[in-house]
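Student: I would like to learn how the words used for a protein structure are justified. Could we go through one together, step by step?

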Amino acid sequence: MENERVRIRNVEVLSDDWYLLKKTTFDYRRADGVWQTLNRETYDRGNGATILLYNLERRSVILIRQFRFPTYRDGHDGFLVETPAGLLDNASPEQRIRAEAEEETGYRVGDVRKVFEVFMSPGSVTEKLHFFVGEYTADARAGEGGGNVAEGEDIEVMEVPIQQALMMIAEGEIADGKTIMLLQYAQLHLFGVGANRGLVTDI
């Protein structure tokens with residue numbers, strides 16, 4: 001989408017290894033009409049999708065725990081409790097999240113429902129993340145999960161009561177943004193008073 005307040009002057013590729021890192025020089029017309037030349041680095045890893053698997057009868061959710069190297073600093077052990085997620089890789093968000101859910105958790109998901117899409121780190125990362133929820137049952141587990149070994153994934157699958165998951169946020173045990181957003185959505189729209197009355201409403 002073109003924006004008349006932005007004029008691209010130069011794009012330089014800084015790295016094209018795991019993902020694509022670019023440095024862009026552009027002119028930006030400020031609100032007062034003055035043009036300003038700026039430089040920004042952007043990290044392009046493609047768009048992705050994430051899902052919260054939930055069971056209303058058991059009042060539980062499926063989460064995963066895995067090692068995330070960038071978080072292995074400043075006293076953190078690098079292990080994050082998360083919702084399953086993955087990059088789209090040219091698939092539709094619905095197709096990708098079904099595949100990722102089964103690969104990472106072992107649960108084969110039927111209907112999934114998109115609840116919102118978000119730019120997670122718009123100051124530097126181009127990724128837009130599609131958020132889904134989907135119900136699971138015990139007999140829907142088709143495998144052990146655990147992720148893709150070839151990609152270095154070593155995933156622990158966790159079935160957690162929703163109230164415990166919310167406490168894990170409050171106590172800092174869950175510190176992943178997408179997971180917190182989906183758990184708060186579940187608290188408001190799936191496990192709350194409105195959900196118990198059959199009045200589930202998307203944000």
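Student: In which order do the strands of the open sheet of 3 strands stand, and what is their pairing?

Tutor: This is a predicted model, and in it the order of the open sheet is β1-β2-β3, with antiparallel pairing. The strands β1 (6-16) and β3 (35-44) stand at the edges with a single partner strand each, so one side of each has no neighbour in the sheet. From one strand to the next, the twist averages 20°.

Student: How do you know that β1 and β2 pair?

Tutor: Two strands are said to pair when at least two bridges are found between them. There are 9 bridges between β1 and β2, in the antiparallel sense, and therefore the requirement of at least two is met. One of the bridges can be named, since Glu12 has Lys23 in β2 as its bridge partner. These two strands also form a hairpin, with 3 residues between them.

Student: What makes β2 and β3 a pair of strands?

Tutor: The same rule of at least two bridges applies, and β2 (residues 20-29) is joined to β3 by 10 bridges, the two running antiparallel, so they too count as paired. Among the partners in β3 are Arg40, which is matched with Thr24, and Asn39, which is matched with Thr25. This is again a hairpin, with 5 residues between the strands, and Gly33 in the turn has a positive phi of about 90°.

Student: Why is His130 called buried?

Tutor: A residue counts as buried when its relative accessible area is under 20%. The relative accessibility of His130 is 8%, which is why the residue counts as buried. His130 lies in strand β9 (residues 128-135).

Student: What makes the approach of the side chains of His130 and Lys114 a polar contact?

Tutor: The distance cut-off for a pair of N or O atoms is within 3.5 Å, and the contact between the side chains of His130 and Lys114 is 2.8 Å, so the distance satisfies the cut-off. The side chain of His130 also makes a polar contact of 3.4 Å with the side chain of Glu117, and that value is likewise within 3.5 Å.

Student: Which residues lie nearest the centre of the largest pocket?

Tutor: They are Tyr19, Arg45, Arg68, Glu82 and Leu87, out of 34 residues that line the largest pocket. The space in this pocket is about 1,300 Å³, and its lining has 13 nonpolar, 7 polar and 14 charged residues. The largest share of the lining, 4 residues, is supplied by α1.

Technical notes: Residues numbered from 1 in each chain as written. Predicted model: local features only at pLDDT ≥ 70, side-chain atom pairs only at ≥ 80, totals over all residues. Heavy atoms only, no water. Axes fitted to C-alpha atoms, helices over the stretch in contact; angles between N-to-C directions. 1 Å grid on protein atoms, 1.4 Å probe; cavity = no way out; pocket = protein on both sides within 12 Å on 5 of 7 lines; lining within 4 Å. Points joined across faces, edges and corners; volume = space filled by probe spheres on them. Nonpolar A, V, L, I, M, F, W, Y, C, P; charged D, E, K, R; others polar. Buried < 20%, exposed > 50% of the residue type's maximum accessible area, 1.4 Å probe, protein only. Polar contact = N/O pair within 3.5 Å; in protein donor to acceptor, adjacent residues only side chain to side chain.
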